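Got your viewer open? Load the model, pick a plain cartoon view, and follow along one selection at a time.

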Amino acid sequence: MNKRLLFTANWKMNKNPRDAEKFIEEFLRLIDRRVHKDIILLPSTICLSVIRKALSGSYMKWGAQNSHFEESGPFTGETSPKILAEYGAEYVLVGHSERRRLFGETDLAISKKIHSIQKYFMTPILCIGETLEERENGKTQEVLLNQLKVDLSHFNEGKNIIIAYEPIWAIGTGNVARPEHIFDAHKVIKSYLNELGGELLAEHTHILYGGSVNPENCSEIAKIENVDGFLIGSASLSPQKLSCIIKNSI
Ligand code: PGA
């Protein structure tokens with residue numbers, strides 16, 4: 001089944017509310033309304049109110065880059081999934097390699113986050129991927145399966161999830177993964193989803209590729225079987241580049 005491609009912009013810790021507003025003004029001029037519903041913006045938490053307002057007349061989606069698994073309590077600096085949902089967020093990124101590596105996020109914590117994101121009727125966007133060392137040692141499949149097994153251990157199969165395959169060595173480096181690597185990884189993910197929840201889950205779930213996606217390399221990657229869209233970091237900071245990625249991929 002061919003799915004409509006999804007384009008997810010991970011702004012990371014970039015852009016202030018004014019920059020976010022300017023981005024939307026420009027981006028809306030560049031992009032066809034028919035693809036609005038296939039775009040998900042993930043700004044930093046401080047820009048959420050501006051994004052919510054700027055997108056109120058559009059079908060474009062938005063969400064957060066992280067949330068805690070508890071709904072409230074003594075968790076200084078964290079964001080509640082319940083409050084995000086009440087505020088109107090539809091998506092939460094979870095398990096990004098920067099969160100795993102720099103903030104010590106474990107697979108167990110990720111599994112709890114997925115559970116709470118789904119509990120509040122939002123869609124988790126789970127990131128998984130191997131390091132360069134793991135790839136060079138032939139461990140990619142094992143790493144992906146281990147992450148999926150634990151991360152999805154509290155997953156509700158009746159609800160939506162998006163999975164992003166992001167080889168860590170491809171993130172922010174300009175070294176995009178080769179088509180055969182992407183094909184193999186997405187196949188592993190799809191088969192796992194099939195085992196976990198049957199054909200319906202495997203067919204229904206978008207599997208995105210992320211890691212140095214840009215306007216030049218996206219069209220080739222978009223043609224790979226089981227690539228259902230992109231998770232885009234640095235190129236998503238520019239309205240021109242993001243709109244080119246969308247135009248060149250569909
Ligand atoms: P990149 O980041 O596109 O800058 O490589 C992708 C990501 O971290 O999600």
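Start by selecting residues 97-102, which form helix α4. In this predicted model, α4 gives the most to the lining of the largest pocket, contributing three residues.

Now bring up that pocket itself. Its volume comes to about 470 Å³. Show Met13, Gln65, Asn66, Arg99 and Phe103 as sticks: out of 16 lining residues, these lie nearest the centre of the largest pocket. Colour the lining by class and you'll get four nonpolar, eight polar and four charged residues.

Next stop, the second largest pocket. What volume does the second largest pocket have? About 280 Å³. Select Gly172, Ser212, Gly233, Ser234 and Ala235 to land nearest its centre. The second largest pocket is lined by 21 residues, and by class they split into six nonpolar, 12 polar and three charged.

Time for some helix packing. Hide the pockets and select residues 17-30 for helix α1, plus residues 239-249 for helix α10. Their axes sit 9 Å apart, and the helices pack at an angle of about 30 degrees. An angle under 35 degrees counts as roughly parallel, so that is how α1 runs relative to α10. Zoom in on the side chains: α1 brings Phe23, Glu26, Phe27 and Leu30 to the contact, while α10 answers with Pro239, Gln240, Leu242, Ser243, Ile246 and Lys247. Six of the residues in the contact of α1 with α10 are nonpolar, two are polar and two are charged. Turn the view to check the handedness: α1 and α10 make a right-handed crossing.

Move on to helix α7, residues 140-151, and helix α8, residues 179-204. Here the axes come within 10 Å and cross at roughly 35 degrees. Is the crossing of α7 and α8 left-handed or right-handed? Right-handed. For the contact, select Gln141, Leu144, Leu145, Leu148 and Lys149 on the α7 side, and Ala185, Val188, Ile189 and Tyr192 on the α8 side. Colour by class again, and the contact of α7 with α8 shows seven nonpolar residues, one polar and one charged.

Keep α7 on screen for the last stop and add helix α5, residues 107-119. The axes of α5 and α7 are 8 Å apart, with a packing angle of about 50 degrees, so these two helices are oblique to each other. From α5, pick out Asp107, Leu108, Ile110, Ser111 and Ile114; from α7, pick Gln147, Val150 and Asp151. That contact of α5 with α7 holds four nonpolar, two polar and two charged residues.

Conventions: Residues are numbered from 1 along each chain as its sequence is written. This is a predicted model: local features need pLDDT of at least 70, side-chain atom pairs count only at pLDDT 80 or more; totals for chains, interfaces and linings use all residues. Side-chain values use heavy atoms; hydrogens and water are left out. On a 1 Å grid over the protein atoms alone, a cavity is a set of points where a 1.4 Å probe fits but cannot get out, and a pocket is an open set with protein on both sides within 12 Å along at least five of seven lines; lining residues have an atom within 4 Å of a point. Grid points are joined across faces, edges and corners, and a volume is the space filled by probe spheres set on the points. Helices (H or I, at least four residues) and strands (E, at least two) are DSSP runs, numbered from the N terminus. Ala, Val, Leu, Ile, Met, Phe, Trp, Tyr, Cys and Pro count as nonpolar, Asp, Glu, Lys and Arg as charged, and the others, Gly among them, as polar. Axes are lines fitted to C-alpha atoms, for helices over the stretch in contact, and angles run from 0 to 180 degrees between N-to-C directions. Angles under 35 degrees count as roughly parallel, over 145 as roughly antiparallel, 65 to 115 as roughly perpendicular and the rest as oblique. A crossing is left-handed if the near helix is turned anticlockwise from the far one by less than a right angle, and right-handed if clockwise. Contact means heavy atoms within 4.5 Å.
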